[in-house]
Amino acid sequence: AAVLIGTMIVLWLRWAFFAGLLRFAMRVFGNRVSYSQTLQAYGMAMSPMLVFICLASVALGFRLHWMDDELLTDPVRMPAQITASLLLLTGMCWWLASLAGACAGVAGTRRRKGALVVGVSVLPIVLGAIIFIAFVLPG
C-alpha cells in the first residue's frame, strides 16, 4: 500500500510540476492561462499515454518483470518486449502531440504555438529523462 501511495504522490507532483512549467512557458509566449486550466489540459493530454501503457501491459501478458535487464536477451520474450517498447514510445509521442493541442486549446491559439510551448518547456525534460535512463542508470 505504501508503494501505491508513494507512486500516486510522485505522479501528482509530476503533474503539478509540468502544469506549472507549461503555464510559465505560455506566459513567456504571451498567453495568460490559469493554473487550473493548465492542470486540466495536462490531465486530459495524459489519456492517450495511459491507453498505451495498458496496451504495453497486454503485449507483455501483464508480466511487467519481463522488462527487467536480465530477461531482455531471451529470444522467446523479445517480440513482446519490442512490441511493448514501441507501444510506450508511440504513447509518449501521442501524449506530446495531445499536450501541444491542449496547450493551444487552453490558450486560444493555433496548434503551432502549442507545439512551440511544449517543445520549449516539456520536450527537453522528457528527452533528458530518456537519455538519463538509457545511458546513465546502471544496467
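**Exercise 1. A serine and its neighbours**

Which residues does Ser121 touch, not counting residues up to four places away in sequence? Find them, then describe the surroundings of Ser121 in this predicted model.

*Solution.*
Step 1: Start with the place in the chain. Ser121 belongs to helix 5, which covers residues 111–121.

Step 2: List the contacts. With residues up to four places away in sequence left out, Ser121 touches Leu21, Leu22 and Ala25.

Step 3: Look at the side chain. It reaches the backbone oxygen of Val117 at 2.7 Å.

Step 4: Decide on burial. The relative accessibility of Ser121 is 7%, so Ser121 counts as buried, given that buried means under 20%.

**Exercise 2. The overall picture**

Describe the protein chain as a whole: its secondary structure, its extent and its contacts.

*Solution.*
Step 1: Count the elements. The chain has 6 helices and 0 strands, and along the sequence this reads α-α-α-α-α-α.

Step 2: Take the extent. Along the principal axes, the C-alpha atoms fill a box of roughly 50 × 35 × 30 Å.

Step 3: Check burial. The chain has 139 residues, and 29% of them count as buried.

Step 4: Turn to the contacts with a separation of 6 or more. Residues 24 or more positions apart account for 60% of these.

**Exercise 3. Two helices side by side**

At what angle do helix 3 and helix 4 pack, and how far apart are their axes? Work out what to call this arrangement, then name the residues involved.

*Solution.*
Step 1: Choose the quantities. Two packed helices are described by the angle between their axes and the distance between the axes.

Step 2: Read them off. Helix 3, residues 47–59, packs with helix 4 at an angle of about 175 degrees, and the axes are 8 Å apart.

Step 3: Apply the cut-off. Angles over 145 degrees count as roughly antiparallel, so helix 3 and helix 4 are roughly antiparallel to each other.

Step 4: Name the contact residues. Helix 3 contributes Pro48, Met49, Phe52, Ile53, Leu55, Ala56 and Ala59. From helix 4, the residues include Leu87, Leu88, Met92, Trp94 and Trp95.

Step 5: Sort the contact by class. There are 14 nonpolar and 4 polar residues, and no charged ones.

**Exercise 4. Another helix pair**

Is helix 5 oblique or roughly parallel to helix 6?

*Solution.*
Step 1: Find the geometry. The axes of helix 5 and helix 6 (residues 123–136) cross at roughly 40 degrees and come within 4 Å.

Step 2: Classify the angle. Roughly parallel would need an angle under 35 degrees, so helix 5 is oblique to helix 6.

Step 3: See who meets whom. On the helix 5 side are Val118, Gly119, Val120 and Ser121, and they meet Leu123, Pro124 and Ile125 of helix 6. Ser121 from the opening exercise thus returns here.

Step 4: Add the classes. This contact has 5 nonpolar and 2 polar residues, with no charged ones.

**Exercise 5. Aromatic rings**

How many aromatic pairs are there, and which residues form one aromatic cluster?

*Solution.*
Step 1: Count. Rings pair if their centres lie within 6.5 Å, and the count comes to 5 aromatic pairs.

Step 2: Examine one pair. Tyr42 and Trp95 have ring centres 6.0 Å apart, with 85 degrees between the planes, and are edge-to-face.

Step 3: Place this pair in the chain. Tyr42 lies in helix 2 (residues 35–45) and Trp95 in helix 4 (residues 78–107), 53 residues apart, and the pair links distant parts of the chain.

Step 4: Check accessibility. Tyr42 is buried at 2%, and Trp95 is buried at 6%.

Step 5: Name the cluster. Phe17, Phe18, Tyr42 and Trp95 form one aromatic cluster.

**Exercise 6. Buried or exposed?**

Sort Leu99, Ser85 and Leu64 by accessibility, and say where each one lies.

*Solution.*
Step 1: Leu99 is in helix 4 and counts as buried, with 0% relative accessibility. Leaving aside neighbours within four places in sequence, Leu99 contacts Leu22, Tyr42, Ala45, Val118 and Val122. Leu99 and Leu22 are 77 residues apart in sequence, and their C-alpha atoms are 9.5 Å apart.

Step 2: Ser85 is also in helix 4. Its relative accessible area is 31%, so Ser85 is partly exposed.

Step 3: Leu64 sits in the loop between helix 3 and helix 4. At 52% relative accessibility, Leu64 counts as exposed.

Conventions
Residues are numbered from 1 along each chain as its sequence is written. This is a predicted model: local features need pLDDT of at least 70, side-chain atom pairs count only at pLDDT 80 or more; totals for chains, interfaces and linings use all residues. Side-chain values use heavy atoms; hydrogens and water are left out. Rings of Phe, Tyr and Trp (its six-membered ring) pair if their centres lie within 6.5 Å; planes under 30 degrees apart count as stacked, over 60 as edge-to-face and the rest as tilted. Buried means under 20% relative accessible area, exposed over 50%, partly exposed in between (1.4 Å probe, protein chains only). A polar contact is a pair of N or O atoms within 3.5 Å; within protein, one must be able to donate a hydrogen and the other to accept it, and residues adjacent in sequence count only if both atoms are side-chain atoms. Contact means heavy atoms within 4.5 Å. Axes are lines fitted to C-alpha atoms, for helices over the stretch in contact, and angles run from 0 to 180 degrees between N-to-C directions. Angles under 35 degrees count as roughly parallel, over 145 as roughly antiparallel, 65 to 115 as roughly perpendicular and the rest as oblique. Ala, Val, Leu, Ile, Met, Phe, Trp, Tyr, Cys and Pro count as nonpolar, Asp, Glu, Lys and Arg as charged, and the others, Gly among them, as polar.
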